[in-house]
Amino acid sequence: MKYFLILSLLFFGAVVSAQNLDKVENQIDEIIKELTLEEKVKMCHAQSKFSSPGVERLGIPEIWMSDGPHGVRAEIEWDSWSYAGWTNDSCTAFPALTCLAATFNPELARKYGVAIGEEARYRKKDILLGPGVNIYRTPLNGRNFEYMGEDPYLASVMCVPYIQGVQTNGVAACVKHYALNNQEVWRDHINVKVSDRALHEIYLPAFKAAVKEGKVWSIMGAYNKYNGQHTSHHKVLINDILKGDWGFDGVVVTDWGSAHDTQEAALNGLDIEMGTGTDGLTSSKENAYDYYYLAKPFLELLKNGEIDESVVDDKVRRILRLMYRTNMNQTRPLGRKANQQHFDVAREVAQEGVVLLKNKNSFFPLNPETTQTIAVIGENATRMMTIGGGSSELKTVHEISPLEGIKKRFANATITHAMGYSSGPSAYGRVIPSHLSQDSLKRAAIATARQADIVLFVGGLNKNHEQDCENGDRTGLNLPFGQDALLDEIMAVNNNVAVVLVSGNAVAMPWKTKAQAIVQAWYLGSETGHAIADVLSGDVNPSGKLPMTFPVKLEDNGAHAFDPLSYPGDGVDQVYKEDILVGYRWHDTKKIKPLYAFGYGLSYTSFKINSATTVSNSFKADDVVKIKVSVSNTGDVDGAEVVQVYVKDVKSSVMRPAKELKAFKKVKLAAGETKKIELELPVNSFVFYDESINDWKLEKGAYHLLVGTASNQIKKTLKIEVQ
Ligand code: BGC
């Protein structure tokens with residue numbers, strides 16, 4: 001009898017959920033009353049690698065999760081990390097999130113979110129494990145490619161529509177990894193020490209935006225510690241800030257294997273424990289799930305009264321709330337499997353995210369009709385980049401390699417190809433050297449380069465261990481596998497060499513002056529080769545901007561300007577010594593010239609910012625400054641420019657960065673066209689986090705609004721006063 005009562009409650013609740021939140025909350029209370037303590041505890045931990053159990057007796061469904069964040073991952077076995085071998089689990093591989101950030105186009109983030117959410121829904125996933133919004137602190141971090149760059153404002157603006165897009169499908173996004181997971185070295189135990197100011201100004205804003213603006217339904221903890229406590233059950237991060245200050249009403253999920261203590265997990269806000277292995281991080285034995293921190297040990301503490309039942313009720317309430325939003329919402333759409341529209345979205349994001357860094361004498365675009373011989377050199381010209389990298393690895397329906405894309409678009413040219421170097425097979429957690437002769441590969445590449453009109457070198461990193469991959473950082477800023485030396489030799493036999501970098505991180509470029517052109521092409525997913533050829537041929541005019549600073553050398557990056565305690569730490573602790581001066585904030589404040597600046601990227605046309613004006617130059621705290629910017633395309637092809645506004649606090653009681661991004665807008669302009677656009681900056685975004693009052697503070701006085709096209713290309717300065 002009760003069973004039918006609950007089932008009808010579930011169904012009714014789902015239908016009215018949108019209109020009547022109170023009713024849903026009441027129904028959740030009713031369900032909680034029906035659950036036994038054992039059933040409640042069961043809902044708080046995994047039953048398989050990627051699912052948590054429901055309560056069959058009451059028709060409460062299981063929750064199914066999937067990585068994330070660039071496509072819906074192939075099915076994994078119930079209780080091992082092996083792929084399950086299904087034949088219907090191929091996906092669209094969308095460009096990596098660094099590329100999405102480089103578009104500076106929130107509308108594309110929305111399209112990306114909607115499309116990936118549709119695939120997650122079609123594949124019956126309730127939680128998509130993404131987006132990742134950890135801040136790019138060091139170019140060595142093996143997972144930067146899964147994140148949205150070094151600027152908290154950019155990452156915030158870009159993650160919100162992604163989340164909203166995913167969740168329109170009745171699939172929860174799961175923003176990750178909360179928080180301070182800014183390196184992979186020692187990720188499971190390193191204890192991060194950072195000032196409150198840097199925490200609030202740099203490392204938390206994107207999570208806060210995900211919660212407060214994106215209304216994200218779940219969040220994933222991180223592996224590392226912060227101030228001595230693991231972040232996945234951290235009192236300050238979860239109870240005080242996330243659930244307290246920000247009012248997060250969703251579910252906190254561990255990272256896989258990041259729970260370490262029952263009391264802490266129970267009391268410090270963890271709701272679902274995933275991935276714990278009773279004998280290590282990645283393997284489990286029979287009944288392992290019963291021994292999770294939030295399983296039997298939790299039940300015991302509840303039974304003997306050491307932990308109050310209200311603690312588990314709160315977790316179950318959040319889990320049921322997530323279910324009403326996802327798998328108990330009978331009205332959610334059905335989703336769509338990988339299809340042409342999704343590939344189109346992937347291609348569009350890739351086209352807009354590619355960044356043209358150098359283009360001497362208009363080397364690009366290359367005319368497909370008149371270009372004669374192109375030597376495409378480099379392993380990344382043919383390597384599948386959806387494979388490797390760790391948990392974000394994908395099984396995609398197709399992946400067009402750069403060579404394939406170039407061959408197709410430059411069908412009238414003679415295309416030759418040489419690998420040039422070999423990295424060895426992709427392996428998670430290991431470096432497997434190649435068995436091929438590097439010397440033979442190099443000699444073949446030089447011979448190929450010598451005979452060509454143009455050389456396109458397609459290199460970079462490759463998602464192998466220590467080359468943009470989970471569970472390990474890069475070991476240096478230079479290109480691996482002898483690419484720098486190879487480039488020198490190629491450039492000695494051919495003057496027309498352009499470099500296409502496939503990576504999620506900045507690299508050193510000792511060969512920069514000898515290259516005719518340099519393109520930052522990230523990891524572009526299914527449509528990689530098409531998008532690269534679109535840009536190189538001029539079918540698409542590049543408009544991507546760097547979401548991170550490229551330093552000349554590693555020590556120029558703030559995290560690396562100190563002793564090893566700053567990076568990678570001493571094995572136990574780590575101190576973020578550059579404090580709030582992350583990325584361009586460091587470079588600009590310390591006057592260290594970057595190789596390529598944050599926000600920088602070229603186009604095949606030229607733009608001019610003609611004027612920037614505000615109606616007044618005096619504002620109050622709750623005003624919104626509206627800046628009108630007139631911008632022209634002064635060249636002869638259509639293109640898009642990203643107008644960026646940075647704020648400089650002229651005189652402050654505390655140290656402030658030389659400038660901070662507070663607004664941007666991408667504007668499409670036909671050749672010769674002029675447009676007036678408006679950017680809005682709320683005055684209360686000029687605040688800093690004041691540690692003496694543990695709160696944000698806005699200081700009166702003079703501010704400069706710096707309007708430009710990159711962090712180092714400021715074209716107009718508006719001087720205003722805050723009263
Ligand atoms: C990663 C997460 C991922 C999870 C599940 C972890 O190792 O850090 O980002 O979502 O595994 O694959």
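Q: How far is a polar side-chain atom of Arg143 from an oxygen atom of the ligand?
A: A polar contact is read as a pair of N or O atoms within 3.5 Å, and in this predicted model a polar side-chain atom of Arg143 lies 2.7 Å from a ligand oxygen. His177 also has a side-chain N or O atom 2.7 Å from an oxygen of the ligand, while for Tyr223 the corresponding distance is 2.8 Å.

Q: How much of the accessible area that the ligand has on its own does the protein cover?
A: The ligand on its own has 310 Å² of accessible area, and the protein covers 96% of that.

Q: Which residues surround the ligand most closely, and how does the shell divide into nonpolar, polar and charged?
A: The ligand is surrounded by 14 residues, of which the closest are Asp67, Arg143, His177, Asp255 and Glu470. By character, the shell holds 5 nonpolar, 2 polar and 7 charged residues.

Q: How many disulfides are there, and why is Cys91 not in one?
A: A disulfide calls for two cysteine sulfur atoms within 2.5 Å, and the count here is 0. The closest cysteine sulfur to that of Cys91 belongs to Cys99 and is 16 Å away, which is too far for a bond. Cys469 is likewise in no disulfide, since the nearest cysteine sulfur, in Cys91, is 17 Å away.

Q: Is Cys91 buried or exposed, and what of Cys469?
A: Buried means under 20% relative accessible area, so Cys91 at 0% counts as buried, and Cys469 at 1% is buried as well.

Q: Where is Thr276, and which residues is it in contact with?
A: Thr276 sits in the loop between α10 (262-267) and α11 (296-303), and this residue is buried, with a relative accessible area of 8%. Leaving aside neighbours within four places in sequence, Thr276 is in contact with Gly257, Ala259, Tyr292 and Tyr293.

Notes:
Residues numbered from 1 in each chain as written. Predicted model: local features only at pLDDT ≥ 70, side-chain atom pairs only at ≥ 80, totals over all residues. Heavy atoms only, no water. Buried < 20%, exposed > 50% of the residue type's maximum accessible area, 1.4 Å probe, protein only. Helix = DSSP H or I, 4+ residues; strand = E, 2+ residues; numbered from the N terminus. Contact = heavy atoms within 4.5 Å. Near = heavy atom within 4 Å. Polar contact = N/O pair within 3.5 Å; in protein donor to acceptor, adjacent residues only side chain to side chain. Areas by Shrake-Rupley, 256 points an atom, 1.4 Å probe, with all protein chains shown as cover. Nonpolar A, V, L, I, M, F, W, Y, C, P; charged D, E, K, R; others polar.
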